[in-house]
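Here's an informal walk through one protein model, from the overall numbers down to single contacts. Keep the viewer open while you read.

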Amino acid sequence: MADAEDAVQETYLRWHGADRDNVSDPRAFLMTTTTRICLDMLTSARARREEYVGPWLPEPVVDTAALAPDSRTELAEDLSIALLLTLDRLSPLERAAFLLHDVFDFSFSEVATALERSDAACRQLAARARAHVRDVRPRGATAPPGRSGEIDAKHAQLMSAFAAATQSGDLHALTQLLARDVRVVTDGGGKVRAALDVIDGGDRAARFLVEATRKRAGAWWRDDFTVRFATINGLPGVIVDGPEGPVQTAAFEIEGDVIRALYVVRNPDKLRHVATASAPQESGRE
C-alpha cells in the first residue's frame with residue numbers, strides 16, 4: 001500500500017510539473033504516467049522479493065469497501081488473497097494490461113499507448129492474465145461478507161473451535177477442522193518468528209499450529225494482547241492486537257465445514273496500516 005501511495009504521489013508531482021497546454025487528455029496522461037511508474041516499481045519490488053525471507057503474502061486489507069475503485073466492478077472489489085497472489089505471479093506487463101482493461105475499463109488502444117505495445121499484444125497479455133485469474137478463483141470457498149464486513153456466525157464458530165483446539169493442543173479435534181490438503185502460509189519477512197516454508201496437509205498443519213501456539217504462549221504472548229474477529233481481504237479472520245498496535249492477522253479460507261487455507265501475516269511492516277480496535281470483540285490467547 002505504501003508503494004501504491006508513493007506511485008500516486010509521484011504521478012501528481014509530474015502532473016503539476018507538466019505543461020498543461022500540451023496535455024490533450026488529462027485522464028490518459030495520468031493513467032499512462034501512473035502505469036509507467038508502477039512498472040518501474042514492480043521491477044524493483046521483484047528484485048527485493050528475491051531476497052525475502054520465507055513465504056510472501058500481500059498486505060492484509062481490512063476495509064475492502066473503502067479501497068475499491070469507483071468502477072465498482074466485481075474484479076475491482078476483489079482484493080482476495082488468491083487474486084493478489086495470482087497478480088504477483090504475472091509478468092509486470094500482463095498485470096498492467098489485465099488491471100487497466102478488465103478492472104479499470106480502459107480500451108486496448110489506451111492500454112497500448114501506456115505500455116508502448118500494439119493493441120494485439122496488449123490483448124494477448126490481458127488474455128494470458130485472465131486465464132491465470134480464472135484458474136485460481138475460489139471454488140465456492142468462503143462467500144464474501146456483506147458491505148458491513150461482519151463475520152458469518154458459522155465461520156465465527158469454526159474459528160472459535162480452531163482457536164480452542166490449537167490452545168488445548170488437541171491434534172485430533174484440530175485435524176477434523178482442516179481440509180486434507182490445507183495450506184498454512186505464514187509471512188514474517190525475516191523480522192519475526194514464522195515458518196520459512198508453506199505447510200501443506202492436515203496432519204502437518206495441525207502439528208505445526210499446536211507447536212507454534214505453545215511457543216507463542218511462552219515467547220511473545222502477553223496478557224495485554226487481545227484478539228478480535230475481522231474480515232481480511234474478503235475472508236473471515238482474526239487480528240491480534242498489542243498495546244502498540246496489531247502484531248498478527250490470520251485470514252481463513254473456508255469451504256463447507258473445513259479450513260482450506262490459513263494466511264498469517266506477522267511482518268510488522270505489513271501491519272502498520274491495520275487499525276487497532278478501541279474495543280476488541282474477543283480476547284484470548286491465539
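## The big picture

Of the 286 residues in the protein, 43% are buried. Bear in mind that this is a predicted model. Its secondary structure adds up to 10 helices and 6 strands. The accessible surface is about 15200 Å², and carbon and sulfur atoms own 50% of that. As for contacts between residues at least 6 apart in sequence, 62% join residues at least 24 apart.

## The sheet

Those 6 strands make one open sheet, ordered β2-β1-β6-β5-β4-β3, with mixed pairing. β2 (199-200) and β3 sit at the edges with a single partner strand each, so one side of each has no neighbour in the sheet. Further in, β1 and β6 run parallel and are joined by 6 bridges. If you want a pair to click on, R183 has A261 in β6 as its bridge partner.

## The core and L178

Which residues touch the most other members of the largest nonpolar core? Out of its 28 residues, the answer is F162, L174, L178, L209, F252, I259 and L262. At least two core residues come from each of α8 (153-168), α9 (171-177), β1, α10 (202-219), β3 (226-232), β4 (235-242), β5 (245-255) and β6 (258-265). The largest share, 5 residues, is supplied by α8. As a general point, nonpolar side chains in soluble globular proteins tend to be buried together.

L178 is a good place to zoom in. This residue lies in strand β1 (residues 178-187) and is buried, at 7% relative accessible area. Setting aside neighbours within four places in sequence, L178 contacts F162, G202, A205, A206, L209, V258 and I259. Take V258 from that list: L178 and V258 are 80 residues apart in sequence, yet their C-alpha atoms are 5.1 Å apart in space.

## A helix with a buried face

Now over to helix α6 (residues 108-115), where F108, V111, A112, A114 and L115 are buried. Looking down the axis of α6, these buried residues fall within an arc of 165 degrees, so they line one face of the helix. Just past α6, E116 has a positive phi of about 55 degrees.

## Salt bridges

The structure holds 13 salt bridges. Here are three of them, with N to O distances.

| Pair | N to O distance |
|---|---|
| E10 and R14 | 3.0 Å |
| K154 and D257 | 3.2 Å |
| R260 and D181 | 2.7 Å |

E10 and R14 are a local pair: both are in helix α1 (residues 2-17), 4 residues apart, or about one turn of the helix. E10 is partly exposed at 30% relative accessibility, and R14 is also partly exposed, at 42%.

The salt bridge between K154 and D257 links distant parts of the chain, with K154 in helix α8 and D257 in the loop between β5 and β6, 103 residues apart. K154 is partly exposed at 46% relative accessibility, whereas D257 is exposed, with a relative accessible area of 54%.

Is R260 buried or exposed? R260 counts as buried, at 16% relative accessibility, while its partner D181 is partly exposed at 45%. R260 lies in strand β6 and D181 in strand β1, so the pair ties together parts that are 79 residues apart in sequence. There's a third player too: salt bridges with shared partners join D181, E255 and R260 into one network.

How values were computed: Residues are numbered from 1 along each chain as its sequence is written. This is a predicted model: local features need pLDDT of at least 70, side-chain atom pairs count only at pLDDT 80 or more; totals for chains, interfaces and linings use all residues. Side-chain values use heavy atoms; hydrogens and water are left out. Buried means under 20% relative accessible area, exposed over 50%, partly exposed in between (1.4 Å probe, protein chains only). The arc is that of the directions from the helix axis to the C-beta atoms. Contact means heavy atoms within 4.5 Å. A nonpolar core is a set of buried Ala, Val, Leu, Ile, Met, Phe, Trp, Tyr and Cys residues joined through side-chain atoms within 4.5 Å. Two strands pair if DSSP finds at least two bridges between them. Accessible areas come from the Shrake-Rupley method with a 1.4 Å probe; for residues, only the protein chains shown count as cover. A salt bridge is a side-chain nitrogen of Lys or Arg within 4 Å of a carboxyl oxygen of Asp or Glu.
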